[in-house]
Amino acid sequence: MPAFICVTCGTQYPPSDAPPDTCPICLDERQFLPPGGQAWTTLEQMRGPYFNAWRRHEPELYGIGTIPGFAIGQRALLLRTPAGNVLWDCITLIDDATVDLVRALGGVAAIAISHPHYYSCMVEWAHAFDAPIHLHAADRQWVMRPDPAINFWDGDTLTLADGVTLIRAGGHFAGGTVLHWAQGGDGRGALLSGDIVQVIPDRKFVTFMRSYPNMIPLSAPSVKRIGALLAPYQYDVIHGAWFDRTIPRGGKDVVERSIARYVAAVRGDGSAELQ
Ligand SMILES: [Zn+2]
Ligand SMILES: [Zn+2]
């Protein structure tokens with residue numbers, strides 16, 4: 001039986017004879033369905049026209065993304081640590097070349113995903129590498145393909161390895177998570193931020209939204225809470241959700257300036273818009 005995949009968000013559903021009626025991820029206000037409506041594919045169909053490309057972002061950190069772009073278009077990150085490799089975020093396409101190359105780099109000891117838009121084909125990746133998937137329990141309802149490999153964690157942080165910490169920042173999703181890598185950025189620290197701390201095109205700021213496609217902002221308290229949770233962590237580099245969304249220096253300052261700018265905008269009294 002095929003396991004159908006939503007073409008718009010890249011989420012895979014459990015094997016079934018016929019496609020699901022709808023994709024709850026895309027019906028949610030944080031995603032969308034295009035005017036053409038719901039469409040489905042499968043991994044088998046994708047393995048013809050699509051393949052994965054790689055980029056080394058820094059020593060021990062590799063990006064993996066699909067060519068041509070598929071669904072939301074994010075890339076995953078393979079973070080190599082002495083305690084085993086962590087796959088941060090996930091992509092839909094997994095193929096023989098990807099499995100061979102990831103194995104050659106040491107396989108995957110754990111998968112962690114920032115939020116439901118990137119759950120994608122996580123169960124296929126978990127089975128391929130016999131790895132657990134760590135998801136924040138607050139987003140449990142958004143798992144479309146349940147599996148014993150999924151470990152739901154609670155609280156504000158989860159340590160995956162020495163210097164590798166998941167931080168539940170919330171915001172975009174209640175369980176929205178970022179990964180702090182203390183040894184990243186040549187020891188200056190790195191933040192792997194998904195859509196939770198969104199790197200924007202100028203790389204000088206980040207932003208925070210409830211819905212990116214529908215442009216629905218977050219509240220000031222929610223964004224201030226993200227700032228408070230990240231405050232104890234040192235990081236200089238931010239690796240966002242796409243190959244080109246990396247801030248190479250000054251990341252902590254960028255986040256703090258961006259939070260101040262954001263909060264001032266959403267708490268404004270309207271006078272700025274008249275200038
Ligand atoms: Zn969808
Ligand atoms: Zn998202």
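Donors are N, O and S atoms within 2.8 Å of the metal. Keep that in mind for the first stop. The model on your screen is predicted.

**Stop 1: zinc ion (ligand 1)**

Select the zinc ion (ligand 1). Which protein atoms are its donors? They are the SG atoms of Cys6, Cys9, Cys23 and Cys26, lying 2.3 Å from the ion. Now find these donor residues along the sequence. Their spacing reads C-x2-C-x13-C-x2-C.

Next, look at the angles. Among the four donor atoms they run from 103 to 120°. The site is tetrahedral, because four donors count as tetrahedral if all angles lie between 85 and 135 degrees.

Click on Cys6 and then on Cys9. Are they buried or exposed? Cys6 has 0% relative accessibility, so it counts as buried. Cys9 has a relative accessible area of 2% and is buried as well.

**Stop 2: the sheet around Cys6**

Stay with Cys6 and show the strands. Cys6 stands opposite Trp40 in strand 3. Strand 1, residues 3–6, and strand 3 run antiparallel and are joined by two bridges.

Now add strand 2, residues 12–15. Strand 1 and strand 2 also pair in the antiparallel sense, over two bridges. One residue to pick here is Ala3, whose bridge partner in strand 2 is Pro15.

Follow the chain from strand 1 into strand 2. The two form a hairpin with five residues between them. Select Gly10 in the turn: it has a positive phi of about 80°.

Step back to see the three strands together. In what order do they lie? The order is 2-1-3, in an open sheet with antiparallel pairing. Strand 2 and strand 3 (40–41) stand at the edges. Each has a single partner strand, so one side of each is left without a neighbour in the sheet.

**Stop 3: zinc ion (ligand 2)**

Select the zinc ion (ligand 2). Its protein donors are His115 (NE2), His117 (ND1), His172 (NE2) and Asp195 (OD), lying 2.2 Å from it. In sequence these residues are spaced H-x1-H-x54-H-x22-D.

Highlight the pair His172 and Asp195. It links distant parts of the chain, 23 residues apart. His172 sits in the loop between strand 12 (164–168) and strand 13 (177–181). Asp195 sits in the loop between strand 14 (190–192) and strand 15 (198–199). Both His172 and Asp195 are buried.

Is this site tetrahedral or irregular? The angles among the four donor atoms run from 91 to 144°, and the site is irregular. The tetrahedral class needs all angles between 85 and 135 degrees.

**Stop 4: salt bridges**

How many salt bridges does a search of the whole structure find? It finds 10. Here are some to visit.

Start with Asp28 and Arg30. Their closest N and O atoms are 2.8 Å apart. Both residues are buried.

Go next to Arg203 and Asp244. Their side chains meet in a salt bridge at 3.8 Å, N to O. This pair links distant parts of the chain, 41 residues apart. Arg203 is in the loop between strand 15 and strand 16 (206–207). Asp244 is in the loop between strand 19 (237–239) and strand 20 (246–247). Arg203 is partly exposed, at 27% relative accessible area. Asp244, at 42%, counts as partly exposed too.

Now select Asp236 and Arg249. Their salt bridge spans 3.7 Å, N to O. Asp236 lies in the loop between helix 5 (220–230) and strand 19. Arg249 lies in the loop between strand 20 and helix 6 (251–266). The two are 13 residues apart. Asp236 is buried, with a relative accessible area of 16%. Arg249, at 57%, is exposed. Add Arg188 to the selection: salt bridges that share partners join Arg188, Asp236 and Arg249 into one network.

**Stop 5: the cavity**

Rolling a probe the size of a water molecule over the atoms shows where empty space is left. How many cavities of 30 Å³ or more are counted here? The count comes to one. The largest cavity has a volume of about 60 Å³.

Which residues line the largest cavity? Select Thr11, Gln12, Tyr119, Ser120, Cys121, Met122, Val123, Trp142, Met144 and Arg145. Gln12 brings you back to strand 2, which covers residues 12–15.

Methods: Residues numbered from 1 in each chain as written. Chains lettered and ligands numbered in written order. Predicted model: local features only at pLDDT ≥ 70, side-chain atom pairs only at ≥ 80, totals over all residues. Heavy atoms only, no water. Donors = N, O, S within 2.8 Å, 3.2 Å for Na, K, Ca; no water. Tetrahedral: all angles 85-135°; square planar, octahedral: opposite > 155°, others 65-115°. Helix = DSSP H or I, 4+ residues; strand = E, 2+ residues; numbered from the N terminus. Buried < 20%, exposed > 50% of the residue type's maximum accessible area, 1.4 Å probe, protein only. Pairing = 2+ DSSP bridges. Salt bridge = Lys/Arg side-chain N within 4 Å of Asp/Glu carboxyl O. 1 Å grid on protein atoms, 1.4 Å probe; cavity = no way out; pocket = protein on both sides within 12 Å on 5 of 7 lines; lining within 4 Å. Points joined across faces, edges and corners; volume = space filled by probe spheres on them.
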